[in-house]
Amino acid sequence: MRVEIDQDSGFCFGVVNAINHAEKELAEDNDLYCLGDIVHNSQEVARLQKKGLQTINHETLKEMYNKKVLLRAHGEPPSTYERAKQNNIRIIDATCPVVLQLQRKIRKKYLELDSDNAQIVIFGKIGHAEVNGLVGQIEGKAIVIEKKTDIDQLDFNKDIYLFSQTTMSVDDFKEIVNEIQLRVSEKVVFHSFDTICRQVANRMPHIKAFASKHDLVLFVAGEKSSNGKVLLSECQKANPNTHLISNPNDIRPEWLAGIASVGICGATSTPKWLMEEVAKAIK
Ligand code: SF4
């Protein structure tokens with residue numbers, strides 16, 4: 001049986017940057033907290049936990065004083081920085097530069113606009129940490145849409161400025177742009193900004209080709225990973241014999257019967273070492 005790990009799968013530079021920040025701080029002092037899981041992968045979270053990284057939530061942050069808190073790649077709204085300042089918390093800011101740029105872009109647009117006549121719309125997952133960080137840039141005054149039918153809530157007689165969470169599908173974004181274009185009044189402005197990170201989008205053609213050349217595909221990712229869902233669905237389109245697993249224990253022996261080649265791939269939050277463990281388990 002041939003077993004191949006996709007060389008293009010694994011951490012994107014935003015995740016590598018966050019983990020490097022954590023490792024560097026932990027090497028000096030193991031009293032470090034991370035606001036939310038550092039990455040949507042419980043195995044990697046557990047590995048860093050052993051080194052001292054503790055995951056906290058916003059409620060815990062409110063009651064915490066004089067500590068060191070790492071902000072992960074997804075970014076945070078301004079209220080988090082304010083809270084940290086009030087509580088004398090030192091922030092280790094590992095917000096991904098791509099997300100940071102998007103936060104600034106949305107904020108700038110908001111400050112330029114007359115909010116009574118314009119709507120800032122974000123295509124993304126309601127409640128996702130990155131989206132919360134983006135909405136926070138404009139005092140909560142964004143309309144978040146997750147799918148095409150959600151655009152019914154827009155006022156097509158007011159200006160529309162559309163942005164996207166960084167990990168959404170480019171095709172879905174285009175569909176939403178087309179739909180708004182069809183419905184928006186000619187008298188108003190509609191601008192769309194494709195703010196999707198190419199670290200995910202550029203992987204799609206490759207991962208499809210990778211999936212189609214194997215008899216069986218094991219997609220390794222945490223269930224909370226947004227880009228994992230997008231990339232998994234691309235794999236499943238190219239090869240219906242694709243299974244989502246979170247670790248080697250999820251592999252079912254019956255999947256391997258009569259299989260000549262297995263492809264192992266994953267999300268931008270999947271560590272390489274975990275894909276290697278999956279390969280080892282199969283071999
Ligand atoms: S997917 Fe893109 S935006 Fe998100 S953390 Fe990775 S590099 Fe940054």
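Here are some short exercises on this structure, each with a worked solution.

This is a predicted model, in which local features need pLDDT of at least 70, side-chain atom pairs count only at pLDDT 80 or more, and totals for chains, interfaces and linings use all residues. Residues are numbered from 1 along each chain as its sequence is written, and side-chain values use heavy atoms, with hydrogens and water left out.

**Exercise 1. The shell around the ligand**

Task: find which residues surround the ligand, and sort them into nonpolar, polar and charged.

Solution.
Step 1. A residue is near the ligand if one of its heavy atoms lies within 4 Å of it. The residues that surround the ligand are C12, F13, G14, A73, C96, V98, V99, T166, C197, Q199 and V200.
Step 2. For sorting, Ala, Val, Leu, Ile, Met, Phe, Trp, Tyr, Cys and Pro count as nonpolar, Asp, Glu, Lys and Arg as charged, and the others, Gly among them, as polar. The shell then has eight nonpolar residues, three polar ones and no charged ones.
Step 3. Now look at the space itself: the ligand takes up the largest cavity. A cavity is a set of points on a 1 Å grid over the protein atoms alone where a 1.4 Å probe fits but cannot get out; a molecule sits in it if more than half of its atoms lie within 2 Å of its grid points.
Step 4. Two or more shell residues come from each of α1 (13-28), α5 (97-112) and α8 (198-201). Helices are DSSP runs (H or I, at least four residues) and strands are too (E, at least two), numbered from the N terminus.

**Exercise 2. Two faces of α1**

Task: compare the span of α1 with the expected value, then work out where its buried residues lie.

Solution.
Step 1. The expected span is 1.5 Å times one less than the number of residues. For the 16 residues of α1 that gives 22 Å, and the distance from first to last C-alpha, 23 Å, is close to it.
Step 2. Pick out the buried residues (under 20% relative accessible area; exposed is over 50% and partly exposed in between, with a 1.4 Å probe and protein chains only). In α1 they are G14, V15, A18, I19, A22, E25 and L26.
Step 3. Look down the axis and take the arc of the directions from the helix axis to the C-beta atoms. The buried residues of α1 fall within an arc of 130°, so they line one face of the helix.
Step 4. On the other side of α1, K24, A27 and E28 are exposed.

**Exercise 3. Your turn with α5**

Task: repeat the analysis for α5.

Solution.
Step 1. The 16 residues of α5 should span 22 Å at 1.5 Å a residue, and its end C-alpha atoms, 23 Å apart, agree with that.
Step 2. The buried residues of α5 are V99, L102, Q103, I106, K109 and Y110. They cover an arc of only 135° around the axis, which puts them on the same side of α5.
Step 3. Q101, R104, K108 and L111 are exposed on the other side of α5.

**Exercise 4. Positive phi values**

Task: locate N66 and E139, and say whether each is buried or exposed.

Solution.
Step 1. Start with the usual case: most residues other than glycine have a negative phi.
Step 2. N66 is not a glycine, yet its phi is positive, near 55°. N66 belongs to the loop between α3 (58-62) and β4 (68-71), and with a relative accessible area of 56% N66 is exposed.
Step 3. E139, also not a glycine, has a positive phi of about 55°. E139 sits in the loop between α6 (129-136) and β7 (142-145), and its relative accessibility of 53% makes E139 exposed.

**Exercise 5. Sequence and space**

Task: find how far V217 is from I5 in sequence and in space.

Solution.
Step 1. V217 is part of strand β10 (residues 216-220).
Step 2. The relative accessible area of V217 is 0%, so V217 is buried.
Step 3. V217 and I5 are 212 residues apart in sequence, and their C-alpha atoms are 10.0 Å apart in space.
Step 4. For another pair, take K68, in strand β4: K68 and Q153 are 85 residues apart in sequence and 41 Å apart in space, C-alpha to C-alpha.

Terms used:
On a 1 Å grid over the protein atoms alone, a cavity is a set of points where a 1.4 Å probe fits but cannot get out, and a pocket is an open set with protein on both sides within 12 Å along at least five of seven lines; lining residues have an atom within 4 Å of a point.
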